[in-house]
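Visitor: I've got a sequence and a fold open on my screen, and I'd like someone to walk me through the contacts. Can we take it one question at a time?

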Amino acid sequence: MTDSLSAAQARRTFLDAQGLARRRPSRRPRAADFQAYLESQGVLQLDTVNVLARAHYMPLFSRLGGYDTAALDAHLWGDHAGHSPHVFEHWGHEASVMPRDLLPAMHHRMQGKASWKSRTRARLDRERPGLLEQVRAAVDAEGPVTAGQLEHLAPHEGPRGPWWDTTHVKDALEYLFITGGVAASRGRHFTRTYDSTARAWGLAAADERGGWGLPPAQAHQLLFDRGLAAVGIGTVRDLCDHFRLPFQAGAREAGGAGGQAWAASAVERGLAQWVTVEGWKEPALLATASAGAPAWHRPASDPGRATGAALLSPFDPVCWFRPRLLRMFGMDYRIEIYTPEPKRVFGYYCLPFLLGDQMVGRVDLKADRKAGRLLVQAAWREERTVPGARRRKDDEVGVALRQELELMATWLGLNEVRIAPRGNLAPSLMAG
């Protein structure tokens with residue numbers, strides 16, 4: 001590649017790094033495919049929203065097609081104790097599972113200072129003296145355990161609320177999880193379980209140092225480099241966002257030099273080169289081939305043509321950084337789950353629809369499991385055009401989207417796609 005790229009080249013390069021530039025493989029996905037995704041992206045975001053499918057299921061469906069979600073769960077939380085030799089859970093990009101080789105890079109985040117940590121520690125020590133030590137000892141002795149199994153250590157006081165209900169024990173477990181005092185996993189029905197780091201990771205807890213963590217400066221650089229390999233091309237802010245690194249030095253975490261310094265290091269070591277992209281106001285880094293590069297590093301590639309199609313969850317890496325989504329694809333996107341219904345524009349749980357190298361629409365989806373239906377509550381056409389892309393006709397988009405919806409319904413074990421007549425794409429979708 002040259003040091004100047006068209007907007008279309010940049011889009012295809014990004015989608016290729018994301019595994020979305022080509023049609024899905026025809027074979028049935030295997031555990032090796034799950035691990036390959038984890039290693040290429042470095043992070044798989046978790047979320048409790050289950051109106052359609054849990055957040056960690058969707059990115060793999062978007063790239064691989066229908067697969068057995070129980071097989072993914074077994075890969076992520078495989079043995080009877082919920083431990084996996086492949087991954088661990090921590091705060092990578094929000095709550096996430098990550099490949100085990102990145103565990104040393106998370107040590108600094110467990111140890112780092114944060115206002116939430118200090119406030120929570122101070123409150124627990126004030127309101128429930130000694131509880132943190134009690135909870136830690138109980139997890140070490142009895143784990144894996146759920147928060148409910150330890151509630152007797154500090155019985156809940158006062159009425160319980162319908163949402164965001166918390167207790168002193170839950171807060172203590174969350175504090176210990178964030179600071180690396182205990183390890184977290186998932187049990188039945190996605191319930192978080194907690195265990196000792198010795199059993200889960202084979203390592204001492206983070207607050208015991210243990211010698212296994214990377215120094216903050218090295219950890220930041222490694223995460224920046226992994227973000228570069230995951231996206232192929234992006235501005236410094238794009239790359240920092242992949243693992244929620246501070247763009248400015250000292251902005252959120254100690255021991256880091258900031259995005260520009262990490263970018264300069266990647267270029268100096270031959271992992272990247274600076275490029276300009278048509279229409280971008282900031283220069284971009286492009287992942288390049290480098291002799292002696294780590295096994296996880298992948299040079300960027302432009303496939304020349306993007307032939308894939310996929311519905312993307314709000315928790316997909318493509319959708320994480322909204323400025324990039326707008327700059328690359330012309331999509332002004334937000335998730336409206338927490339928006340009051342009268343103020344929602346597109347719907348409660350809208351998924352962007354990628355066709356080729358364009359975001360051509362978005363659909364508000366819900367799985368009605370009791371009735372066996374995939375509900376399309378609204379379907380909208382994206383009106384913005386992007387440089388270097390032809391505008392696809394509504395009927396073409398409708399046919400392609402209908403195929404994706406039917407594939408999704410089959411994957412989710414639903415028998416019917418039910419389309420509501422809301423949104424400017426609904427007529428074409430119903431005809432498709």
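Guide: Sure, here come some questions and answers on this predicted model.

Visitor: Let's start with charges. How many salt bridges does the count come to?
Guide: The rule asks for a side-chain nitrogen of Lys or Arg within 4 Å of a carboxyl oxygen of Asp or Glu. Arg11 and Asp357 pass, with their closest N and O atoms 3.1 Å apart. By this rule the count comes to 30.

Visitor: Stay with Arg11 and Asp357 for a moment: how many residues apart are they?
Guide: Arg11 sits in helix α1, which covers residues 7-17. Asp357 belongs to the loop between β11 and β12, and both residues of the pair are buried. This salt bridge links distant parts of the chain, and the separation is 346 residues.

Visitor: Which residue does Glu382 meet in a salt bridge?
Guide: Glu382 is in the loop between β13 and α15, and its partner lies 20 residues apart in strand β12. Glu382 counts as buried because its relative accessible area is 7%, under the 20% cut-off. The partner is buried too, at 2% relative accessibility. The N to O distance is 2.7 Å, and the residue is Arg362.

Visitor: And Arg244, which bonds with Asp241: is Arg244 buried or partly exposed?
Guide: The two side chains meet at 3.3 Å, N to O. Asp241 has a relative accessible area of 11%, so Asp241 is buried. For Arg244 the value is 27%, and that falls between the 20% and 50% cut-offs, so Arg244 is partly exposed.

Visitor: Which residues are linked with Glu89 and Glu174 in a network of salt bridges?
Guide: Look at the hairpin of β5 and β6. One member of the network is in β5, on a side with Ala184, and is buried. The other points one way from β6 along with Tyr194, and these two members stand opposite each other. They are Arg186 and Arg192.

Visitor: While we're at that hairpin, which residue in the turn has a positive phi?
Guide: β5 and β6 run antiparallel and are joined by 4 bridges. Ala183 stands opposite Asp195 in β6. Between the strands are 5 residues, and the one with a positive phi, about 60°, is His189.

Visitor: In β6, which residues point the other way from Arg192 and Tyr194?
Guide: In a regular strand the side chains alternate between the two faces of the sheet. β6 covers residues 192-195, and its residues on both sides are buried. Those that point the other way are Thr193 and Asp195.

Visitor: Arg109 caught my eye. Which residue's backbone oxygen lies 3.2 Å from a polar atom of its side chain?
Guide: Arg109 is part of helix α5, residues 103-111. With a relative accessible area of 12%, Arg109 is buried. The backbone oxygen belongs to Gly92.

Visitor: Now the greasy part. Which helix gives the most to the largest nonpolar core?
Guide: Nonpolar side chains tend to be buried together in soluble globular proteins. Here the largest core has 57 residues, and Phe224, Ile233 and Phe329 have the most contacts inside it. The helix that gives the most, with 6 residues, is α10.

Visitor: How many residues are in the other core, apart from that one?
Guide: Back in the largest core, Ile233 touches residues including Leu5, Phe14, Val275, Leu286 and Met328. Apart from that core lies another, with Ala95, Ala400, Leu425 and Leu429 among its members. Its size is 49 residues.

Visitor: Last stop, the open sheet of 5 strands. Which strands stand at the edges?
Guide: The order is β10-β11-β12-β13-β14, with mixed pairing. A strand at the edge has a single partner strand, so one side is left without a neighbour in the sheet. Those strands are β10 and β14.

Visitor: What residue is the bridge partner of Ala310 in β11?
Guide: β10 and β11 run antiparallel, joined by 3 bridges. In β11, the partner of Ala310 is Leu354.

Visitor: Which helix lies across β10, β11, β12, β13 and β14?
Guide: The twist of this sheet averages 30° from one strand to the next. The helix lying across these strands runs at about 120° to β11, and the helix is α15.

Note on methods. Residues are numbered from 1 along each chain as its sequence is written. This is a predicted model: local features need pLDDT of at least 70, side-chain atom pairs count only at pLDDT 80 or more; totals for chains, interfaces and linings use all residues. Side-chain values use heavy atoms; hydrogens and water are left out. Buried means under 20% relative accessible area, exposed over 50%, partly exposed in between (1.4 Å probe, protein chains only). A polar contact is a pair of N or O atoms within 3.5 Å; within protein, one must be able to donate a hydrogen and the other to accept it, and residues adjacent in sequence count only if both atoms are side-chain atoms. Two strands pair if DSSP finds at least two bridges between them. A nonpolar core is a set of buried Ala, Val, Leu, Ile, Met, Phe, Trp, Tyr and Cys residues joined through side-chain atoms within 4.5 Å. Contact means heavy atoms within 4.5 Å. Axes are lines fitted to C-alpha atoms, for helices over the stretch in contact, and angles run from 0 to 180 degrees between N-to-C directions. Lists of a residue's contacts leave out its neighbours within four places in sequence.
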